[in-house]
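Hi everyone, thanks for having me. I'll put the structure up now, so get the viewer ready and follow along with me.

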Amino acid sequence: MNNSSTSNSEFKRFIAKMAVRVAILGALCTLVFYVPLSREYYFSILKYSDYSKISWIENKLNETESLDSTVVFVGSSICMNGVNDSLLNALDTSSTQYLNLGMTHTCFAIIDALLEDMLERRELRPKKVLLCFKGDAMARYIHTMYPVQATPGHIQSSALAFNTQYVPSFLKRVSWNVHALTRYGKYIPSDEDKEFVSDYGFKPQPFNTPEKVEKSYKNLRAGSEANFNAIQGENEGRMLPLKSQVLLAYNDVTQNVLFQRSMFAKSARRLDELNIPYDIIVYPNLVSARMQSKDIMANYIKRTFTSIDYSKHNVITFNDTAFANAKYYVDMNHLNPDGAQLLTTSIYQELHP
Amino acid sequence: MLFNSTEFLFFLALVFSVYWTVLKNLPRGKTWLLLISSCIFYMFFIPKYILILFITILIDYFAGIKIAATEGRAKKIWLIMSIISTCMVLFVFKYYNFFIDNTNAIAKLIHWNYSLEAMDIILPIGLSFHTFQSLSYVVEVYWGKQKPEKDFVTYSLYVMYFPQLVAGPIERAANLLYQFHAKPLFNGALAAEGMRQILWGFFKKIVIADTCAAYANAAFNDYESLSAISLLLGAVAFAFQIYGDFSGYSDIALGTSKLFGIQLMRNFNLPYFATSIPDFWRRWHISLSTWFRDYVYIPLGSSRVSGWKFYRNVFIIFLLSGFWHGANWTFIIWGLIHAIVYCIYFAIWGNAKQKNDPATTPAWKSWIGGLITFGVVVLAWIFFRAKNVQEAWAYLHAITTNSFSGSDVYNFLPLLLVLIPFHFMEWLNRNSNNGVFLSSYKLSPTVRLAIEMIMAILIIDCFYSLDHEQFIYFQF
C-alpha cells in the first residue's frame, strides 16, 4: 500500500469518526433541548433584562382568568410604547378592557409563540386581537429571546416554516437549558431598574427634543426610505437591484422575511380557526408619515397575506399628518407619551367609529 | 473572520474538504488554496487592508532574495531598507497617533504653540504579528540561517497563513517554510489531535475567557463603588480572561493548522503555574518572548554582559514588549513592572536559580514562588486592562481604600466555581507536551468521548448565553 492510499483511508476514517461525534453531539443536544424545565426559570432569565416585558406578560397571563372582554394588542416596541392601554380603559366606559402585550423588537415568530401560549395552552379567548405591523418595513430578524419564550414544539415547527435561524434557535434553547445548571458560576448582573413594573402593558418612553429626533431621522432616513421603497416596489411587482438582492440574501434578510411572513400568516390562521376577531394595525413612524403613503404597507399586507379575509379583518392605518411631526417621537420609530396619547385616541376612534 | 463564529466553522470545513479531496494529489494547488483562503479570511475584516499586507510581502520577498545575493554593505542596506519599510507600516498605523499625542502634550508643557493632527485610521488586524514574522524572516536570511524563499506564493503564505495570521503564534521561517514545501499527506492522528486542540481552545475562549470577562468588566466598570475583595477577584478574572482568550486562540490556531498537516509552535505552557517571573516568560506568549530573545536580547549581549548592561537589556526587552502590545502608556508600565520584578529576581538569585530543576525544588518554595509570581502578574494586568494609567491607579487605589468586603462580594465569589475547576484541569495538563487537554493520559475512548461531549455542551451553553468578547490580541 503506498502513502497516498494510506492517507486516503486515514482521511475517510477521520471523517467517519467526526461524523459519529457530530451525531452523538446532535443526539445529546436534542435530549437537552427537550428537558422539561419550569416556565418560571425561563421567564426569570428575562426579568431584569431589556426584555423584561416578556416576563411581565407571563406573570400577567398567569394572573388572568379570562380575556373574554379584553382587546389585546400584540406586537413590537412600537406597540408597547405607542398604545396606552390605561388611557383606552379610561376612554371606554363599557365593560371592554384593553391590554397591551407589545414587547421589544419586531418578530412575528415570538408573537405567534405568545399567541400559541395564550390561546392554546392557557385557552384564553380575547374579545379581539390587534396584530401589529411596522409602518415602513417587514420584520426581518428573529427575536433574540424567541428560543427562551417559545416552547420546544414551536421552535421545532419553525423549521418547517423555513426558519433559517432554526439551528441557532435550537442551540440557544439547549444553551439556556444548560444554563440552568451553569448559571451559578456566571456573573449575572441583576439590574433591578430594568424590571418592567406596571399595572398596564404600556411603557411610556422618555421625551426627546425634536432636534435630536430630526437628527436621528436624518441619519437613518435613507435606509428606512429604501426599505419603504422596496415594499412599494414589491407591491408593484418590481424587483430589487441584483446587488441589493445579494446583500439581503447574504445577511439572511430575504430568507428571514419569508419566515416572518409565514409566522404572521400562521398567527392569523390560528385566530381564524378559533373564531377570534382580529384586525391589523399599521403603526405610523416618521418615514411612513412623511412619505404620505399610508396605503403602501396596507397594500403590502393585503397582497402578501392572501388567506386573510379582509372583509372581516381591517387593516387600520392612520392619516393624521401630526404623525409626521418630530415632537411626537423619541426617535424615528417610537412615540413619546404625547405621541402615544395621539395614537391611542386615534385607535380608540377606529375601534369605535 | 473570527474563530468563534459560525462563518469560520463553515469556512474551515470547506477549505479542509477541498484541501484533502479535490486537491489531494496537487501539492501546488494546496499552497494556492491555503493562500487564497488566507486572503479571504483576512478580507473579512477590512478588505482594502490586504493591499498593505501585499506591499509588505512584496518588499520583504525581494529584500530576502537580495540580502542572500549580496554581501557587505549592500546586504546591510537591503536589510535596513526591509526593516524600515516593514516597521514604517507598523509605525504609521499603530504608533503615529501615540507619537503625535505625546509630542503635542510635551509642546503644551513647554508652552510651545505646536500641534500635529492625529490620523483617523483603524489598525489593520494582527499587524504586529505578521510584521514581526516578516522581520524574523529577513533577519534570519541576513544571518545566513535561512535560505531566501524564491517562490512568491509560498512566501506570501508564510506571512499570511490564516490560522496564525491575526494573533500568532509568531512563526519562524525555519519552522514553517519547509512544511509548505513538503508533500502533504493526511495524518489521521494529527488531525484528530488538531480537532481536540480546537475544542480545548474554544473551551478556554468561550467557557473560561468569556465567563471571566463578565466579572472583569463588572469590576473595571464600577471600581469606585466595589469592595476590595470584589476588585481583587475582578483583577484575577481578567488574568484568566486574557489567558483563556489568548491561549484559547493559540490552541485553535495550532489545531486548525494540524488539520492541514502543518505544525505551529506552542505558544503557552501553563503560565499561571510559573514559580518566578523569568519562569512566567518561558511559558507566556512563547513565540513573542523567544522573538525578543533571539532578535533583540541576544544581539544586545543577553545575560553574558555584566552589571548594568544586563539590567539595561532586560528593561529594553520588557519596554519593547509592552510597546509591542499597544501604543498606550498602560502597556509600557505593564512591561516596566515585569522588568523591575525580573531584575529584582535576578539580583537576589542570579541566573543559576533559573536553571534549577523544578523537580528538585521543595514544594513549599514552588508554592510561595508561584503565589508571588501570580500576584505580580495580576498587578501588572491591571495596567494592561485599564483604559489609561489614571484608571489603573484609581483601580489600585480603590483596592486599598474601599471597604474590604461588602454584599457585592457575593456577586464575584461564583467566579471561583469556574476558576478552581479550570486551574485543576490545567494542572492535569502539566505533563502534556502539546497543550491539548488530557493528551498525556491514556483514557478509554468512551471516557474521552464523554469529556469531549461535556466540553462541547458547555461551549454551546456559554456561546449563546454570554456576551462575546472579541479576541483581545486581535487588536495588537
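Okay, let's start with chain B. Its domain 1 and domain 2 have C-alpha centres that lie 26 Å apart. Domain 1 covers residues 6-183 and domain 2 covers 189-475. Before we go on, remember that this is a predicted model.

So, how many residues do the two domains of chain B bring into contact with each other? Domain 1 brings 25 residues and domain 2 brings 22. On the domain 1 side, the elements giving two or more residues are helix H1 (6-20), helix H4 (72-109), helix H5 (127-143) and helix H7 (173-181) of chain B. If you sort that side of domain 1 by class, you get 15 nonpolar, eight polar and two charged residues.

Now hop over to chain A and look for the sheet. It's an open one with five strands, in the order E2-E1-E3-E4-E5, and the pairing is parallel. Which strands stand at the edges? Those are strand E2 (97-100) and strand E5 (315-316) of chain A; each has a single partner strand, so one side of each is left without a neighbour in the sheet.

Let's walk across it. Strand E1 (residues 70-73) of chain A is joined to strand E3 (residues 128-134) of chain A by three bridges. If you want a spot to click on, A:Val72 has A:Val129 in E3(A) as its bridge partner. Stay on A:Val129, please, as it also stands opposite A:Tyr278 in E4(A). Between E3(A) and E4(A) there are six bridges, and these two strands run parallel.

Is strand E4 of chain A mostly buried or exposed? Five of the six residues of E4 (residues 278-283) are buried, so this strand is largely enclosed by the rest of the structure. From E4(A), two bridges lead on to E5(A). One pair to find there is A:Ile280 with its bridge partner A:Val315 in E5(A).

Next up, the place where the two chains meet. The contact takes 25 residues from chain A and 26 from chain B. On the chain A side, helix H1 (3-33) and helix H9 (166-182) of chain A are the elements that give two or more residues. H1(A) gives the most, with 12 residues. By class, this side of chain A has 14 nonpolar, six polar and five charged residues.

Let's go inside. The largest nonpolar core has 212 residues, and those with the most contacts inside it are A:Val74, B:Tyr158, B:Tyr215 and B:Ala237. Helix H8 (residues 188-221) of chain B supplies the largest share of this core, 18 residues. Try zooming in on B:Tyr158: leaving aside neighbours within four places in sequence, its contacts are B:Tyr137, B:Glu149, B:Ala173, B:Leu176, B:Leu177 and B:Phe180.

Last thing: how sure is the predictor? For chain B the mean pLDDT is 88, with 96% of residues reaching 70 or more. Among the elements of chain B, helix H9 (residues 228-259) has the highest mean pLDDT, 94, and helix H13 (residues 329-354) has the lowest, 84. For the complex, the predictor gives an ipTM of 0.82 and a pTM of 0.86. And a habit worth picking up: wherever pLDDT is low, don't read the predicted coordinates in detail.

That's me done, thanks for listening!

Technical notes: Residues numbered from 1 in each chain as written. Chains lettered and ligands numbered in written order. Predicted model: local features only at pLDDT ≥ 70, side-chain atom pairs only at ≥ 80, totals over all residues. Domains from an automatic or database assignment. Contact = placed C-beta atoms within 7 Å. Helix = DSSP H or I, 4+ residues; strand = E, 2+ residues; numbered from the N terminus. Nonpolar A, V, L, I, M, F, W, Y, C, P; charged D, E, K, R; others polar. Pairing = 2+ DSSP bridges. Buried ≥ 20, exposed ≤ 12 C-beta atoms within 10 Å, placed from the backbone. Core = buried A, V, L, I, M, F, W, Y, C linked by C-beta atoms within 7 Å. pLDDT = per-residue confidence, 0-100.
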